[in-house]
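Trainee: I have a new structure open and I'm not sure where to begin. Could you walk me through it?

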Amino acid sequence: SLPVLGFVYEVPVVLMTVREFGYTFRQILGVRQYSPRAVHALWRTTLVSFAVCRGGPTVLYCYALAQWGEMLQPLDSGSFAVYHFMGLFFSAVNVQVWALLIMWYNQDLQDAGVKREGV
């Protein structure tokens, strides 16, 4: 159902918050540098959850357009516009957030002492 999609959509945010707390409070926690292994594990989990939990609703939106067109036709013009605006808006936001996550991932790897060429 729609509320479940909303909760699933926010799963990656929990992991992003874990990352933020870890970096914000690392002096208080007594951590000078996170291990590359820990950084890779957190980001692998974050990126996979993002792809599944944020990509899933986008795939569902595209599937609905392709397969459920007759169910969308009875919508009044306002509902139809909102439906498409929300689907397109959140899909576009996902692309932007994905780019931000990749940037943070590279920054975290650099902070962990991992040298990467071409990044």
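Mentor: Let us settle one word before anything else: a residue is called buried when its relative accessible area is under 20%, exposed when that value is over 50%, and partly exposed in between. Keep in mind too that this is a predicted model.

Trainee: Okay, so is R54 buried or exposed?

Mentor: R54 has a relative accessible area of 6%, and because buried means under 20%, R54 counts as buried. You will find R54 in helix 4, which covers residues 36–67.

Trainee: What does R54 touch, if we skip its close neighbours in sequence?

Mentor: Leaving aside residues within four places in sequence, R54 is in contact with Y9, E10, P12, V13, S49 and N94. With E10 there is a salt bridge between the side chains, at 3.9 Å from N to O. R54 lies in helix 4 while E10 sits in the loop between helix 1 (2–9) and helix 2 (11–24), so the pair ties together parts that are 44 residues apart in sequence. E10 itself is partly exposed, with a relative accessible area of 37%.

Trainee: And Y9, what does its backbone oxygen do there?

Mentor: The backbone oxygen of Y9 lies 2.7 Å from a polar atom of the R54 side chain. Y9 also meets N94, since a polar contact of 2.9 Å joins the side chains of those two residues.

Trainee: Where is N94, then?

Mentor: N94 belongs to helix 6, and at 8% relative accessibility it is counted as buried. Apart from residues up to four places away in sequence, N94 touches Y9, F50, R54 and T58.

Trainee: Back to salt bridges: how many does the structure hold?

Mentor: The structure holds 3 salt bridges. Besides the one between R54 and E10, there is a network that links R19, E20 and D108. In that network, E20 pairs with R19, their closest N and O atoms being 2.5 Å apart, and the side chains of D108 and R19 meet at 2.7 Å, N to O. D108 lies in helix 6 and R19 in helix 2, so this pair ties together parts that are 89 residues apart in sequence.

Trainee: Which of those three are buried?

Mentor: Both D108 and R19 are buried, whereas E20 is partly exposed, with a relative accessible area of 31%.

Trainee: Switching topic, what's the overall layout?

Mentor: Read along the sequence, the protein follows the pattern α-α-α-α-α-α, with 6 helices and 0 strands. Its C-alpha trace spans about 60 × 30 × 20 Å along the principal axes. The radius of gyration is 19 Å, where a compact globule of 119 residues would have one near 14 Å.

Trainee: How much of it is buried?

Mentor: Buried residues make up 26% of the 119 residues. One of the buried residues is L109, with a relative accessible area of 1%. L109 is in helix 6, residues 77–111, and its C-alpha atom is separated by 7.8 Å from that of H40, although the two are 69 residues apart along the chain.

Trainee: And on the outside, what forms the nonpolar patch?

Mentor: V82, F85, M86, F89 and F90 form a nonpolar patch on the surface, with about 470 Å² of accessible area together. Among them, F85 lies in helix 6 and is exposed, with a relative accessible area of 51%.

Conventions:
Residues numbered from 1 in each chain as written. Predicted model: local features only at pLDDT ≥ 70, side-chain atom pairs only at ≥ 80, totals over all residues. Heavy atoms only, no water. Helix = DSSP H or I, 4+ residues; strand = E, 2+ residues; numbered from the N terminus. Buried < 20%, exposed > 50% of the residue type's maximum accessible area, 1.4 Å probe, protein only. Patch = residues over 30% accessible without salt bridge, like charges linked within 9 Å, V, L, I, M, F, W, Y side chains within 5 Å. Areas by Shrake-Rupley, 256 points an atom, 1.4 Å probe, with all protein chains shown as cover. Salt bridge = Lys/Arg side-chain N within 4 Å of Asp/Glu carboxyl O. Rg over C-alpha atoms; globule rule 2.2 N^0.38 Å. Polar contact = N/O pair within 3.5 Å; in protein donor to acceptor, adjacent residues only side chain to side chain. Contact = heavy atoms within 4.5 Å.
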